[in-house]
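Visitor: I am new to this structure and would like to learn how to read it. Please show me the model.

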Amino acid sequence: MRIVIAGGHGQIALRLERLLAARGDEAAGIIRNPGQSDDLRAVGAEPVVLDLESATVDAVAEVLRGADAAVFAAGAGPNSGTARKDTVDRGAAVLFADAAERAGVRRYLVVSSMGADPDHAGDEVFDVYLRAKGEADADVRSRPALDWTILRPGMLTNDAGTGQVLLAASTGRGPVPRDDVAAALVELLDTPATAGLTLELISGNVPLTVAVKDIAGN
C-alpha cells in the first residue's frame, strides 16, 4: 500500500512510517520544514515538503493521487497559540479531507484527541484545541465519499508499547504509549470494516489485533 500521512514528522507519524516501511508499504510524510526530511528517510518514509496551512486543495490532491489511504496526524503542537489550533487542527484537517476526495482516496484515518467536541466550552488554548479537533472530526464524519475512521487516544506517553489496549467507542480516560497508537493505526488501515467508527484508545489488557477485530465485528 501507499499511505500518505499529514504531519509526517510528528511523534506518532514517525512511528507509523517506520512500521509501514518495515513491512514493505510505501509511506509518504507531508512536512512543512525541509530540514526534517532526513528524519523521515531514516524511518523509511518519503518526505513531501508542503505547508498545509497555505497549500491549495489541488496541490495536496496531487500528493494523494494514487494512494491507498490517507492519515491525518498533523497538529499545531503544544506550544502554539489559539490561531494555529484553527488553521492546523481544524483547517488543515478539512483541507486534507477535501484533497482526499478530489484525489479519489477513500480510506481516511484521523488521529484526533479524547475529549474533542465542536461544542466544547472555554477560551483557554486547550479548550480551543478540543473544539478545533471536534470541528474537524465532525467535518470528516459528514463525508460519504470517505471511508473514515477517527482514533482518539488517551494521554500519550513515550513508554514502550505493550500491544495491550482498550479500544472502544468510549473507554474512559487513561494513558497510552505512542507506540501502541501507531500500531493501532496500522491495524485500522488493514481493517476496512472499521470505517465509520469513532474510537477511543487507552492501554488495557486486550491484544491490539484482537481489539480491532472485535470492534470491527469480525
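Guide: We will go through the sheet, a salt bridge and two helix contacts.

Visitor: What should I know about the model before we begin?

Guide: This is a predicted model, in which local features need pLDDT of at least 70, side-chain atom pairs count only at pLDDT 80 or more, and totals for chains, interfaces and linings use all residues. Residues are numbered from 1 along each chain as its sequence is written, and side-chain values use heavy atoms, with hydrogens and water left out.

Visitor: How are the strands ordered in the open sheet?

Guide: Helices (H or I, at least four residues) and strands (E, at least two) are DSSP runs, numbered from the N terminus. Two strands pair if DSSP finds at least two bridges between them. Here nine strands form an open sheet with mixed pairing, in the order β3-β2-β1-β4-β5-β6-β10-β8-β11. The edge strands, β3 (46-49) and β11 (206-207), each pair on one side only.

Visitor: In which sense do β1 and β4 pair, parallel or antiparallel?

Guide: In a regular strand the side chains alternate between the two faces of the sheet. The pairing of β1 (residues 2-6) with β4 (residues 69-72) is parallel and has four bridges. In this pair, I3 stands opposite A69 in β4.

Visitor: Which strands pair with β8?

Guide: Strand β8 (residues 164-168) pairs with β11 in the antiparallel sense over two bridges, and Q164 stands opposite P207 in β11. β8 also pairs with β10 (residues 197-203) in the antiparallel sense, over four bridges. There, the bridge partner of L166 is I202 in β10.

Visitor: How many salt bridges are found in the whole structure?

Guide: A salt bridge is a side-chain nitrogen of Lys or Arg within 4 Å of a carboxyl oxygen of Asp or Glu. The search finds 14 salt bridges. One of them joins the side chains of R2 and E26, at 2.5 Å from N to O. R2 lies in strand β1 and E26 in strand β2, so the pair ties together parts that are 24 residues apart in sequence.

Visitor: At what angle do α1 and α6 pack?

Guide: Two packed helices are described by the angle between their axes and the distance between the axes. Axes are lines fitted to C-alpha atoms, for helices over the stretch in contact, and angles run from 0 to 180 degrees between N-to-C directions. For α1 and α6 the angle is about 55°, with the axes 8 Å apart. The two helices α1 and α6 are therefore oblique to each other (under 35 degrees is roughly parallel, over 145 roughly antiparallel, 65 to 115 roughly perpendicular, and the rest oblique).

Visitor: Which residues of α6 and α7 meet?

Guide: Contact means heavy atoms within 4.5 Å. D180, A183, A184, E187 and L188 in α6 meet L208, T209 and V212 in α7. The axes of α6 (residues 178-189) and α7 (residues 208-216) come within 10 Å and cross at roughly 45°. α6 and α7 are therefore oblique to each other.
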